[in-house]
Amino acid sequence: MSEATKAVVKDVTTMASPVSLKFRARAGKDLSRFLRGMKERRIVGRVCPSCNYVYVPPRGACPTCGCPMGDERVLPETGTITTFCIVNIPFEGQKLKPPYVCASVLLDGADVALFHLVGGCDVNEVRMGMRVRAEWVDEADAELSLETIRYFVPTGEPDRPLAQIREHI
Amino acid sequence: MSTFNTSREEIAIVSFVELSPAEASQLDEIETIQTIVSRATDGAGIARDRIGFTVSGSCDMLVGRPFSWIMAMDGAGVSKPIEESHVEMDGAWALYEAWVRLQHGDIDAALIYCFGANAAEDLMQVLALQLDPYYLAPTGINAAEVAALQASAMLASGATERQFAEVAVRAGLAVSVEAALAEPYLHRPLRASDLPRFSDGAAAMVIARGDYARSVCARPAWIQSMAHIADGHSLGARDLSKSPSLEKAARLAGVGAKATQIVEVHAPFGPQEVIALEALKQAGLSADAKVNPSGGTRAAQSVMVAGLAAIGRAASAIHRGEASRTVGHASSGPALQHNLIAVLEERS
Amino acid sequence: MKQRCAVLGIGQTHHAAKRGDLSMSGLVREAALRALDDAGMTFDEIDAVVMGKAPDFFEGVMTPELYLADALGAAGKPVFRVHTAGSVGGSTAIFATHLVTSGIHKRVLTLAWEKQSESNAMWALSPKYPFSPPTTAGAGGYFAPFVRAYIEFTGAPEHIGWQVAYKDRIHALKNPYAHLQMPEITIDMVKNSPVLWDPIRYLETCPSSDGAGAMILVSEDVAEASGKKVAWVHGTANRTEAILYPRRNQVLPQAGSDCAKALYKEAGITDPKREIDTAEIYVPFAWFEPMWLENIGLADANDGWKMVDSGDTMLGGRQPINPSGGVLSSNPIGASGMLRFLEAAHQVRGTAGEHQVEGAKKALGHAYGGGSQYFAMWIVGAEKP
Ligand SMILES: [Zn+2]
């Protein structure tokens, strides 16, 4: 390197080596049925034939029993926030502008909480035990995705006591 | 100076299942694991509560998301905590960890499972991420081109393209040697029939100790020994036409101690099978051992599964009474860098 | 049947936000050479290398143990790679221990590392998956709801988080290898730092570090022939549970408490509150100190925060926790679990330097990973088990 070049080029300590890879994601049998429900703006869970727990979104197997899932069960669009986090931190690739709320929502009649977004109120109003319902995107925008639920919004009903949600964090 | 001791416990492969590529391609990871684990345990009459250790093998880079094996584990039914581990390697190394764990003599059986997704648009490019990130990967070379370099090194040291073609015929990737040799080069000197056909796949295995193994399996495939060795990485610093690591692993595992009837070799690229067999022969493999009677794994290669599949098939041959001593081989890394050998025997 | 295993050599890098002076190979070599030097050995004497690291997505190198074989003198040897998420440093050390206790090898180099400056963990941990809403927001986004639940259910006052964060940074000042060196740290600084993932504040969060940790694990005869002071492995345990099932307790996971029970049984410990002199536990967010203290039985249910509040967990306290400064002061993710294990070994050898807990005879190393699903722990002692 010439003295002139050295004057403008700092020591090379790193080099960028970008990698771009493309992958196909496969939803699998059970999740596919759930996603078809989403496109119709319906929440379709599944019942484990062995332990009778209701899973939503359904998974390819019951993690409790290790067996395939059983019958479908259409769930209401209302539920309770069991716990949540307010995201204030910006990061690369982020889709939403902070602050926003991510919450575990236990749908009425389900046995596992769904992790989703909360909207329609100030982030500081969100509480454990708060009652919420799904806010859907317009019918024309419904997709094979949980994003067909835009977010959950408060229903205004009284909060459920913490003792009732304690096991569903 | 180094110490390598072999098995102190009687440990056998008592159950092995793999998923067909067609079946695997319909399922997500959870469904895949649910299917193979239940077949390898319940399906083989092995009670889940006798399994004291579980190990899985998989690789995030195949699926395209970090921690991909964590979700997959739901298929194994793990709401009660289990003793468990995971290797970011082929399932054959998961078997190795399980085999080491059973040496302690306090548990009866271990479950091993692995899955490989053919989800990447260009798997040869994904596999190239195994290369040295500073000096090799930035050149843009892909995995097939690394294998082509290796094949060229072989030709320079006396191997022939006819040998490669013979391997292709054995793998069912060419109808005849002449047909293979008539194919155009894809990555000279490699032709289409020298490359693996990637597929989705999954496999599960149960290994067990002593009397418990005998109680669940009529003809257990006893693991006489296992050993694995890596070569150095830098392609320029290796004689790519040989596999010293495989030869050493085979010697440590005692491949040559007795006559072997069947060897299942896991070589992703055809010419590598020639290298692998030469290394095994140097280590004393019987000249008349049948090579890949299962058809081998190259016609439907599921990365991170194929190695365990080769060993599982070598075990299945003993389960079916077709052989009394078999050798299973698993490999990993660019240009056959890492090799594992399992020697399996029937015992009366 | 089972052979004894001892820690003969310990080495770690000087952890930093960016070790621009080292490549990934250089980073693992710095730790490995220090461990070999400590053991009075060379690479030639090593039988096998067992490596741990968190997702390959971080640095973009798939199965990096293969490329790193050259840097670790491992050509012609068995090289193994474990990956159990954040607990990997612990799980790696446990498999390496098993290679010795099974009698297969006598001298094993085990090593774990992460080079976060050559990756982007927030990006790698927050991918936008198809079919799902954009709820992933790094590890903090995942764990903050459980911290909230712990606070809500135990009634712990908010200064507990500040206090743990302050304590570990004060401890780090006594550890020359620690990444964060903040002599100016005060409780008010933690209290006034921004809330990133409510209720978790910036200074209650671990840093992103480049770093590696290594140990030489040996059989009893090799340990004795060395004539050196070693740390004896008294017990190891790991437990795993699924990420999501009905009524799963993610605040105090059963896998964590089962793991601790199995560990104490193997190590012959009946009263962990008294018999364990110090513990290095995996605390990436300050609130996890009281949570894990309860989970592994070093505090009674709902009392973890009181143990913190009383000062018991400070150096000089009844049962110092993370005298090295812990994950809150250095977090090369894949290495963090191994750093906990090797710091525990330092304590019982009496080689921890300024952060030595005086007279420590038994120490616990702990790591966890995934969605609080993977637990790996060991107990090391100054005396033979
Ligand atoms: Zn069930």
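Which residues do ring pairs link into a cluster in chain C? I began my notes with this, keeping in mind that the model is a predicted one.

**Aromatic rings**

I searched the whole structure for aromatic pairs and found 21 of them over all chains. For one of these I looked at the geometry in chain B, where the ring centres of B:Phe67 and B:Trp69 lie 6.0 Å apart with their planes at 55°, so I entered the pair as tilted, an angle over 60 being needed for edge-to-face. I then looked up how far each partner is covered: B:Trp69 has a relative accessible area of 0% and is buried, whereas B:Phe67, with 22%, is partly exposed because buried would require a value under 20%.

Returning to my opening question, I noted that the cluster linked by ring pairs consists of C:Tyr142, C:Phe143, C:Phe146, C:Trp197, C:Tyr282, C:Phe285, C:Phe288, C:Trp292, C:Tyr368 and C:Phe375.

**Charges over rings**

I next looked for charged ends placed over rings, and found that of C:Arg148 over the ring of A:Phe84, 3.6 Å from the ring centre. Within chain C, I found the charged end of C:Lys53 over the ring of C:Trp113, at 5.1 Å from its centre.

**Two helices of chain B**

Finally I followed helix H5 (residues 91-102) of chain B to helix H13 (residues 306-319) of chain B, and recorded that their axes come within 6 Å and cross at roughly 65°. On the H5(B) side the contact is made by B:Gly91, B:Ala92 and B:Leu95, and on the H13(B) side by B:Gly307, B:Leu308 and B:Ile311. Sorting the residues of this contact, I wrote down 4 nonpolar, 2 polar and no charged.

Conventions
Residues numbered from 1 in each chain as written. Chains lettered and ligands numbered in written order. Predicted model: local features only at pLDDT ≥ 70, side-chain atom pairs only at ≥ 80, totals over all residues. Heavy atoms only, no water. Axes fitted to C-alpha atoms, helices over the stretch in contact; angles between N-to-C directions. Helix = DSSP H or I, 4+ residues; strand = E, 2+ residues; numbered from the N terminus. Contact = heavy atoms within 4.5 Å. Nonpolar A, V, L, I, M, F, W, Y, C, P; charged D, E, K, R; others polar. Phe/Tyr/Trp six-rings, centres within 6.5 Å; stacked < 30°, edge-to-face > 60°. Buried < 20%, exposed > 50% of the residue type's maximum accessible area, 1.4 Å probe, protein only. Lys NZ or Arg CZ within 6 Å of the ring centre and 35° of its normal.
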